[in-house]
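Welcome, and thanks for opening the viewer. Could you walk me through this structure, telling me what to select next and what is there?

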Amino acid sequence: MTAKYINNLSECPTELGRVTVEVSTWCNLSCVGCIRTIDIQKNQWTNRHISVEVFRNVVANLPPAKLLVMHGIGEPLLHPQYKELVTIAAESRKFGSLHCNTNALAKPTSLYGELQFAGLTNFNVSVDSLNPVFAERTRAGTDTEKLTTRLAAFQNEGLRFGITMVASKKNLLDIPSTLQLLSEVVKCNVFIQCYIDHDDGDAGLSLEDTVLLEQWLAELRPRLPELKIYFSSKYVEKKTALPMCMAPWFDPGVTVEGYLTPCCVEWDPSVLGYQNLGKQGLPEIWHSPAFQKFLAAYTTQSPIFCRNCSEDVRANIHHGSATPVGHHP
């Protein structure tokens, strides 16, 4: 199926796998390695919300998708009309499910039940640590006592949620302890992913770190049956028949202004030539010269923004294939 798109770049998909819409770039935390945190330090960040009108137009201009992710680089529930956005997406009947990640600290717990009633299928709570010291290192501003109370409330109310955790050198030693604490409060899936070095820092896990974490998780899983723990290591070669990550075809992103981006890792609209999905349909964007130029280059080499992403099956950080576009030794 994917071959027909790779061999014919003008073929626009009629159904997507996942679309990530950036509903807000505001946040109540300051997380290490986050693009928002990095750009604020450079005085290059602007806080903004997607307008209801733009969101409605984006939904109208998108083809059907299995999943709509309603968050981006920010805390989505800080959007003052988030429930209205969920209602718009649900009533469109274009999406198999609606999902978001949240730090669960910005709004009352009652809102989460209201959102699920409005059509939000499920949500994941970001928890890098339940230890105040480690939490401040990774997600500055986190009130771990409040977070633990919120998780217990979600569990008691029977809401559909999971946990996402970013593993880095800053919280590696605490992960077993936090998983133990989580097992005493919730019964859910826990998705652990590797820290992405957006800032070219030294917080990312080494190969040795990931091997150690895998060993710890193997020992913990039988002891913590309340949790289904998944770990996605950037060092594990993807077992896939696909020649490349197909995100630009099936898993694009959309910024708060409505601009289309190749995926949920790259939020710079200039990469695709500022193509606004709030103003035009996907087929029109697909056949634009700028978009076709991007696809032609993408099929040749991994772009620089793919660096360190665990989904890039071509990245030389995994198994020495292509040199990323823009990389100069």
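## First stop: the cysteines

With a disulfide taken as a pair of cysteine sulfur atoms within 2.5 Å, the count for this structure comes to zero disulfides. Select Cys12 to begin: it is in no disulfide, and the nearest cysteine sulfur, that of Cys245, is 17 Å away. Cys12 is also buried, with a relative accessible area of 12%. Keep in mind as you go that this is a predicted model.

Now select Cys263 and Cys264 together. The sulfur of Cys263 has its closest cysteine sulfur in Cys264, at 5.7 Å, which is too far for a bond. Cys263 is buried as well, and its relative accessible area is 11%.

## Second stop: helix α4

Next, select residues 82–92, which make up helix α4. Which residues of α4 are buried? Colour Tyr82, Leu85, Val86, Ile88 and Ala89, for these are the ones. They cover an arc of only 160 degrees around the axis, so they sit on the same side of α4.

What lies over those buried residues? Add α3 (52–61), β3 (65–69), β4 (95–102) and α5 (109–118) to your selection, since the cover of α4 includes these elements.

Before leaving, step just past the end of the helix. Arg93 follows α4, and its phi is positive, near 55 degrees.

## Third stop: α3 beside α4

Two packed helices are described by the angle between their axes and the distance between the axes. Show α3 and α4 on their own: their axes come within 10 Å and cross at roughly 20 degrees. That angle makes α3 roughly parallel to α4. The crossing of the helices α3 and α4 is right-handed.

To see where the two helices touch, display side chains on each:

- From α3, pick Val52, Phe55, Arg56 and Val59.
- From α4, pick Glu84, Leu85, Ile88, Ala89 and Ser92, which the α3 residues meet.

Leu85, Ile88 and Ala89 may look familiar, as they are among the buried residues of α4.

## Fourth stop: two positive phi values in loops

Most residues other than glycine have a negative phi, and most peptide bonds are trans. Here are two residues to look at with that in mind.

Select Asn43 in the loop between α2 (35–41) and α3. Its phi is near 60 degrees, a positive value in a residue other than glycine. Is Asn43 buried or exposed? At 72% relative accessibility, Asn43 counts as exposed.

Then move to Ala104, in the loop between β4 and α5. Ala104 is not a glycine either, yet its phi is positive, about 65 degrees. Ala104 is buried, with a relative accessible area of 0%.

## Fifth stop: Thr164 in strand β7

Select residues 161–167 to bring up strand β7, then pick out Thr164 within the strand. Thr164 is buried, with a relative accessible area of 11%.

What is Thr164 in contact with, leaving aside its neighbours within four places in sequence? Show Asn101, Asn124, Val125, Ser126, Val127, Asp128 and Phe191 to see its contacts.

## Sixth stop: α9 and the loop after it

Helix α9 covers residues 207–220, and Leu212 lies in it. Leu212 counts as partly exposed, at 31% relative accessibility. Try a distance line from the C-alpha atom of Leu212 to that of Leu16: these residues are 196 apart along the chain, and their C-alpha atoms are separated by 36 Å.

A little further along, find Pro222 in the loop between α9 and β9 (227–232). Pro222 counts as exposed, at 64% relative accessibility. Draw another line from Pro222 to Asn47, which is 175 residues away along the chain; the C-alpha atoms are separated by 43 Å.

## Last stop: helix α12

Finish by selecting residues 289–298, helix α12. Its buried residues are Phe291, Phe294, Leu295 and Tyr298. Look down the axis of α12 and you will find them within an arc of 95 degrees, so they line one face of the helix. Turn to the other side of α12 to find Pro289 and Lys293, which are exposed.

What do the buried residues of α12 pack against? Show α10 (247–250), β11 (260–261) and α11 (282–286) for the answer.

Key:
Residues numbered from 1 in each chain as written. Predicted model: local features only at pLDDT ≥ 70, side-chain atom pairs only at ≥ 80, totals over all residues. Heavy atoms only, no water. Buried < 20%, exposed > 50% of the residue type's maximum accessible area, 1.4 Å probe, protein only. Helix = DSSP H or I, 4+ residues; strand = E, 2+ residues; numbered from the N terminus. Arc of directions from axis to C-beta. Contact = heavy atoms within 4.5 Å. Axes fitted to C-alpha atoms, helices over the stretch in contact; angles between N-to-C directions. Parallel < 35°, antiparallel > 145°, perpendicular 65-115°, else oblique. Left-handed = near helix turned anticlockwise from the far one by under 90°.
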